[in-house]
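User: I would like to go through a structure by question and answer, with the cut-offs behind each term stated once.

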Amino acid sequence: LNEMFALKQKGIFIQEFFKKRNIKTIAIYGFHYLGQRFYYEMLNSDIEIKYVIDRNKYLYNKYEIKVYGVEDNWDQVDIMVVTPIFEFYSIKSFIEKRIVCEVISIEDILIEMYM
């Protein structure tokens, strides 16, 4: 989160990571605090956030975005951004068994952009 603020202070926006890679559609895995901050950061960009996945999908029905549970069927996206940093590798393995897309940690995105 600190890195996201540091980037904004430098005039660098996280959307640039996706634009440089010609990524058009993303999904967010994990919609607690960090997932929500990421969602709002991306909301007014050219990158389409197709949906969010969360184990507690019913907690987030007030948002204007489709929220799937982990056992639901997910639509195809270019990339899945995982926000639970400490569980990234187990979540990535789970996602790769369910859908074919690039899977990346939000931490890896921010580190790459910050360097």
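Analyst: A salt bridge here is a side-chain nitrogen of Lys or Arg within 4 Å of a carboxyl oxygen of Asp or Glu. This is a predicted model, in which local features need pLDDT of at least 70 and side-chain atom pairs count only at pLDDT 80 or more, while totals for chains, interfaces and linings use all residues. Residues are numbered from 1 along each chain as its sequence is written, and side-chain values use heavy atoms, with hydrogens and water left out.

User: How far apart are the closest N and O atoms of R55 and E87?
Analyst: Side chains of opposite charge can pair when their charged atoms come close. R55 and E87 form such a salt bridge, one of the five that the structure holds. The closest N and O atoms of this pair are separated by 3.4 Å.

User: In which loops do R55 and E87 lie, and how many residues apart are they?
Analyst: Elements are DSSP runs numbered from the N terminus, helices being H or I with at least four residues and strands E with at least two. R55 belongs to the loop between β2 (48-53) and β3 (67-68), and E87 to the loop between β4 (79-82) and α4 (88-96). The pair therefore links distant parts of the chain, with a separation of 32 residues.

User: Is R55 buried or exposed?
Analyst: Buried means under 20% relative accessible area, exposed over 50%, and partly exposed in between, with a 1.4 Å probe and protein chains only. Its partner E87 is partly exposed at 34%. R55 has a relative accessibility of 56%, so this residue counts as exposed.

User: Which residue forms a salt bridge with K57?
Analyst: K57 is buried, with a relative accessible area of 18%, and lies in the loop between β2 and β3. The partner is in the loop between β3 and β4, so the pair ties together parts 15 residues apart in sequence. That partner is partly exposed at 23%, and with closest N and O atoms 2.8 Å apart, the residue is D72.

User: Why are K92 and E96 separated by about one helical turn?
Analyst: K92 and E96 form a salt bridge with closest N and O atoms 3.9 Å apart. K92 is partly exposed at 25%, and E96 is also partly exposed, at 45%. The separation is about one helical turn because both residues lie in helix α4, where they are four residues apart.

User: How many aromatic pairs does the structure hold, and what is the angle between the planes of F31 and Y39?
Analyst: Rings of Phe, Tyr and Trp (its six-membered ring) pair if their centres lie within 6.5 Å, planes under 30 degrees apart counting as stacked, over 60 as edge-to-face and the rest as tilted. By this criterion the structure holds seven aromatic pairs. F31 and Y39, which are both buried, form an edge-to-face pair at 5.6 Å centre to centre, with an angle between the planes of 80°.

User: Over which ring does the charged end of R21 sit?
Analyst: A charge sits over a ring if NZ of Lys or CZ of Arg is within 6 Å of the ring centre and within 35 degrees of the ring normal. The ring in question is linked by ring pairs with F18 and F38 into a cluster. The charged end of R21 is 3.7 Å from the centre of this ring, which belongs to F17.

User: Which residues have the most contacts inside the largest nonpolar core?
Analyst: A nonpolar core is a set of buried Ala, Val, Leu, Ile, Met, Phe, Trp, Tyr and Cys residues joined through side-chain atoms within 4.5 Å. The largest has 25 residues, and α2 (15-20), β1 (25-29), α3 (33-42), β2, β4 and α5 (106-114) each give two or more residues to this core. Those with the most contacts inside it are F18, I26, F38, M42 and I109.

User: What are the edge strands of the sheet?
Analyst: Two strands pair if DSSP finds at least two bridges between them. Five strands form an open sheet with parallel pairing, in the order β3-β2-β1-β4-β5. The edge strands each pair on one side only, and they are β3 and β5 (102-105).

User: How many of the residues of α3 are buried?
Analyst: The buried residues of α3 include L34, F38, Y39 and M42. Among the others are G35, Q36 and E41. The helix is mostly covered, and of its 10 residues the number buried is seven.
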